[in-house]
Amino acid sequence: MLTLLAKFLKALNSESGAWALAFAFVLGMMMGFTPLWRMHNLAILLIALLFRINLTGFILSFVICSGIAYLLDPWFHQFGFYLLSSENWQPLWQSMYQSAFWRVMQFHHSITLGSFIISLAFAPVLLITSFFIITQYRSRIQTWFNKLKLVQMLKANRFWAIYSDLRG
């Protein structure tokens, strides 16, 4: 866990683009909020690997959002059930269920549908918020943070040795 945190701090302090880190957080959130063994998560993982986003940020976001998803599952279920039982949407759901592709995607499950739609709706908010936080951290907080006594004490710790080894 210390290595993962050290890699995240390395990416946060590096010259890599803030948008790449922000997209890593968004894709990790989408994969973490939805049930793990679904086809759309395979597509999200493929996008993360093809576009070479920061995998540490992706994994960290996935782990955090997976934990949060357990708390939000009742709301995901309610929202998905509301969409699946809505009379106006019944022809769409019936035609999707008759297709083998959509059955494999498993959007006929209330938690899968609800969590996917909510994560899609929340994605732009997280993208812009995380980009703003990353740029503010790099421009203001990073220098102030390094001056703290606690940080200077941590630099003498094993964590700082792992972080320094990663920096090369």
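Here, a residue is buried under 20% relative accessible area, exposed over 50%, and partly exposed in between. With that in hand, let us walk through some close-ups of this predicted model.

**Figure 1. Thr 3 and Asp 165 show where the two ends of the chain come together in space.** Thr 3 sits in helix α1, which covers residues 2-13. Its relative accessibility is 38%, so Thr 3 counts as partly exposed. Although Thr 3 and Ile 162 are 159 residues apart in sequence, their C-alpha atoms are 6.6 Å apart. Asp 165 belongs to helix α9, residues 158-167. With a relative accessibility of 64%, Asp 165 counts as exposed. From Asp 165 to Ala 6 the C-alpha separation is 9.6 Å, again across 159 residues of chain.

**Figure 2. The whole protein, for orientation, is built from nine helices and zero strands.** Following the chain from the N terminus, you meet α-α-α-α-α-α-α-α-α. Of the 168 residues, 36% are buried. Take the contacts between residues at least 6 apart in sequence: 78% of them join residues at least 24 apart.

**Figure 3. Arg 38 is a buried residue that has no salt bridge.** You will find Arg 38 in the loop between α2 (18-33) and α3 (39-50). The nearest side chain of opposite charge is that of Asp 73, and it is 9.7 Å away. A salt bridge needs a distance within 4 Å, so Asp 73 does not qualify as a partner for Arg 38. What Arg 38 does have is a polar contact of 2.7 Å between its side chain and that of Gln 106. Leaving aside neighbours within four places in sequence, Arg 38 is in contact with Met 105, Gln 106, His 109 and Thr 112.

**Figure 4. Gln 106, the polar partner of Arg 38, has a positive phi without being a glycine.** The phi value of Gln 106 is about 60°. Gln 106 lies in the loop between α6 (100-105) and α7. At 23% relative accessibility, Gln 106 counts as partly exposed, whereas Arg 38 is buried.

**Figure 5. Helix α4, residues 55-85, spans less than a straight helix would.** Its 31 residues would reach 45 Å if straight, at 1.5 Å a residue, but the end C-alpha atoms are only 38 Å apart. Where does α4 have its kink? Look at Leu 72, where the kink is about 60°, shortly before the proline Pro 74. At the start of α4, a side-chain oxygen of Asn 54 comes to within 3.1 Å of the backbone nitrogen of Thr 56. Buried residues of α4 include Thr 56, Phe 58, Cys 65, Phe 76 and Leu 84.

**Figure 6. Ser 61 of helix α4 uses its side chain to reach the backbone of Phe 25.** The Ser 61 side chain is 2.7 Å from the backbone oxygen of Phe 25. The relative accessibility of Ser 61 is 8%, which means that Ser 61 counts as buried. Apart from neighbours within four places in sequence, Ser 61 is in contact with Ala 24, Phe 25, Gly 28 and Met 29.

**Figure 7. Arg 52 lies in the loop between α3 and α4.** Is Arg 52 buried or exposed? Its relative accessible area is 74%, so Arg 52 is exposed. Phi of Arg 52 is near 50°, a positive value in a residue other than glycine.

**Figure 8. Trp 93 in helix α5, residues 90-98, makes contact with three leucines.** Leaving aside neighbours within four places in sequence, the contacts of Trp 93 are Leu 83, Leu 84 and Leu 113. Two of these, Leu 83 and Leu 84, are buried residues of α4. Trp 93 itself has a relative accessibility of 14% and therefore counts as buried. The C-alpha atoms of Trp 93 and His 108 are separated by 7.5 Å, with the two residues 15 apart along the chain.

**Figure 9. Helix α7, residues 110-146, bends at Tyr 137.** The bend there is about 50°. A straight helix of 37 residues would span 54 Å at 1.5 Å a residue, yet α7 spans only 46 Å between its end C-alpha atoms.

Notes
Residues numbered from 1 in each chain as written. Predicted model: local features only at pLDDT ≥ 70, side-chain atom pairs only at ≥ 80, totals over all residues. Heavy atoms only, no water. Helix = DSSP H or I, 4+ residues; strand = E, 2+ residues; numbered from the N terminus. Buried < 20%, exposed > 50% of the residue type's maximum accessible area, 1.4 Å probe, protein only. Lys, Arg positive; Asp, Glu negative; His and termini not counted. Polar contact = N/O pair within 3.5 Å; in protein donor to acceptor, adjacent residues only side chain to side chain. Contact = heavy atoms within 4.5 Å. Expected span 1.5 Å × (residues − 1). Bend = angle between axes of the 7 residues up to and from the residue.
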